[in-house]
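Colleague: I have a few questions about how the terms are used for this model. Could we go through them with the structure open?

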Amino acid sequence: MTEIPTGAPTGARADEPDPAQAPGAAAFPLTRGCPFTPPEGYRAMREEGGLTRAAIPGGKHAWLLTRHDDVRAALAHPAASSDARHPAFPALGDGEQAVAAELRPFIRMDPPDHTRVRRMLVGEFTVKRVRAMRPAIEEICAEQVDHLLAQPTPADLVGEYANRVSTTVICRLLGVPLADLEFFRRITSVSGARGSTEAEVTAALGELFGLIDRLIDEKAAQPRDDLISRLVTGPLARGEITRQSLLSQIGITLNAGHETSRNMIPLAALALLHHPDQLDRLRADPELWPGAVEELLRYLSVADVIPLRVAREDIPVSGGVIPAGDGFIALLAGADHDPEAFPEPERLDITRPQRNHVAFGYGAHQCVGQNLGRVEIEIALRTLFDRVPTLRPAAALADLPTRSASAIFGLDEVPVTW
Ligand code: HEM
C-alpha cells in the first residue's frame, strides 16, 4: 500500500510545520496498480478519516477527500472555488494553473462568470438534443469499427477506434472540419499531461486556438447547424462574450469532450472483456446497456483528479474542516469506491441499484456534456461488441502502459484481436 503523506493531522492549518515536506515523503498523485481500480492508498485515506493532507507537485499542499458524502458536500459548498488564479489552487501539472488562470475556461471559473458562460452551452447538451445526435453517433461508430476491422491484428483499440470515435463526435457537434484525426490527440496529450510546461501547454493550445479563431470568422460569414455557429451568431454577436473568452470556452469543450471519451471507451471495453459474465448478460439483454454504462462510469472514474478547488471559507466535512485559503481535491474514484455508498465497490455489477456516482463530478461544475458522454460510450461499446463478437485482449492487463501522468486516467494502448 502506498503511504500518503498525511503531514499535519487532519483539520490542521496550512501554516503549521508539515512532516510531508520531509525528504523521501511520498507525494500525490498516486498511481493505479490495476487500471480498473483507484490507487490502493485511497482506501487507507478513507478509513483514516477521509480528509488527508498531501504534498502535490510544485511544492504545494492540498487536502484530499475520499469519502462519497464528503466529496459531494464539499463540491456543492458555496465556498468551494474553481478559480485557478488563487495561489493555493491545487493544480497537478506544471503548466496547468498558469494557463487556466490566463485563459479562464469556465471549468475554472466561479459564479457569476461561470453561471453566465455555462448557460450559453447547457442547451447544446440537453437529453433531447443528444437524442437527436444518436443516428450520427451510430454512423460514426459503425464507420470506425469498419476501420478497426481493416487493421491487422493485434490492433490498438485506443488509436484505431476510441480516439477516432471521440474526435469525430466532438468535431461534428462543434462544427470543426476533420482534416487530421491525430491533431487533437497531439494537442490534448500535451495540454492534459502533468509534465507539460507552461510554454508547451501554451504552444499546443495556441495551435488549437488558431484553428478555432479561423472557424469563428468562417461561421460568422456562413453559419451552419453546429455549436460554434450558434455561439458566434448568438452570444458573440450580441456582445455577451468576448472573442477571447469564446475561444477558451470552445477550446475547453473540445478538449474535455475528446479526452474523456477517448480514455473511457477502451478502458470500459477492456473491463467488460475481463468480466465475461457481465458481458454475457449484456449480450443476452441489451436493455441492460444504460445501467452498465453508469456502472462502468462509477467503476472506472477516469476523471478522478479533475475537481480541483480552493476553500474560500472553512468547509466542514466528516473528518474535520478544510481550512479557508487551502486547496483541496475531491477524488472522484475515492468517492465512487466508498463502500458506505457502493457495497463491494471493487465488484463490477452492471445491475447495481446505486446510481449516485460522481464520475461526472457534483455541484455547479458537474459535467455539462454528461448526456452526450453517456450516449457516446454506450453506442461505441454496443457497436464494438455487436460487430466484433470475438473481440479479446491481446496483451496481459499488467503489461498495458497507463496514462497516470495525464489529467484523465486511461491507457496509452489497448491491443486487441478477434
Ligand atoms: C466519460 C465522459 C466524461 C466524464 C467522465 C466527464 C467528467 C467531467 C467532470 C468530473 C467534470 C467536473 C469538473 C469539476 O468539477 O471541476 C466535467 C466538467 C465538464 N465536462 Fe465532462 N466528462 C465527460 C464527457 C464530457 C463531454 C462528452 C463533454 C463535451 C462535449 C464534456 C465537457 C465538459 C465541460 C465543458 C465541463 C466543465 C463544466 C463546468 O465547469 O461547468 N465532458 N466533466
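Modeller: Gladly! Let me start with helix H10, which with five residues gives the most to the shell around the ligand. Do keep in mind that this is a predicted model.

Colleague: Which elements give two or more residues to the shell around the ligand?

Modeller: They are helix H4 (113-122), H10 and H14. The ligand is surrounded by 27 residues, and the closest are His-114, Arg-118, Arg-309, His-365 and Cys-367.

Colleague: How do those 27 residues divide into nonpolar, polar and charged?

Modeller: The shell around the ligand has 17 nonpolar residues, seven polar and three charged.

Colleague: What makes Cys-367 a donor of the iron atom?

Modeller: A donor is an N, O or S atom within 2.8 Å of the metal. The SG atom of Cys-367 is at 2.3 Å from the iron atom of the ligand, so Cys-367 counts as a donor, and it is the only protein donor there. As for its place, Cys-367 sits in the loop between helix H13 (332-336) and helix H14 (370-387).

Colleague: And what makes the pairing of His-114 with the ligand a polar contact?

Modeller: The cut-off is 3.5 Å between N or O atoms. A polar side-chain atom of His-114 lies 2.6 Å from an oxygen atom of the ligand, so the pair qualifies. The side chain of His-365 has an N or O atom 2.6 Å from an oxygen atom of the ligand, and for Arg-309 the corresponding distance is 2.8 Å, so these pairs qualify under the 3.5 Å limit too.

Colleague: Why is Thr-37 called buried?

Modeller: Buried means under 20% relative accessible area. Thr-37 has 17%, so the term applies. Thr-37 lies in the segment before helix H1 (41-47). Leaving aside neighbours within four places in sequence, Thr-37 is in contact with Arg-32, His-337 and Glu-346.

Colleague: Which residues touch the most other members of the largest nonpolar core?

Modeller: Tyr-161 and Ile-322 do, in a core of 107 residues. Helix H10 (residues 243-273) supplies the largest share of this core, 13 residues. Apart from this core lies another, of 20 residues, including Ala-54, Ile-56, Ala-88 and Leu-308.

Colleague: What does Tyr-161 touch, not counting residues up to four places away in sequence?

Modeller: Its contacts are Cys-141, Gln-144, Val-145, Leu-148, Asp-156, Ile-265, Ala-380, Thr-383 and Leu-384.

Note on methods. Residues are numbered from 1 along each chain as its sequence is written. This is a predicted model: local features need pLDDT of at least 70, side-chain atom pairs count only at pLDDT 80 or more; totals for chains, interfaces and linings use all residues. Side-chain values use heavy atoms; hydrogens and water are left out. Donors are N, O and S atoms within 2.8 Å of the metal (3.2 Å for Na, K and Ca); water is not among the atoms, so sites may look incomplete. Helices (H or I, at least four residues) and strands (E, at least two) are DSSP runs, numbered from the N terminus. A nonpolar core is a set of buried Ala, Val, Leu, Ile, Met, Phe, Trp, Tyr and Cys residues joined through side-chain atoms within 4.5 Å. Buried means under 20% relative accessible area, exposed over 50%, partly exposed in between (1.4 Å probe, protein chains only). Contact means heavy atoms within 4.5 Å. A residue is near a molecule or strand if one of its heavy atoms lies within 4 Å of it. A polar contact is a pair of N or O atoms within 3.5 Å; within protein, one must be able to donate a hydrogen and the other to accept it, and residues adjacent in sequence count only if both atoms are side-chain atoms. Ala, Val, Leu, Ile, Met, Phe, Trp, Tyr, Cys and Pro count as nonpolar, Asp, Glu, Lys and Arg as charged, and the others, Gly among them, as polar.
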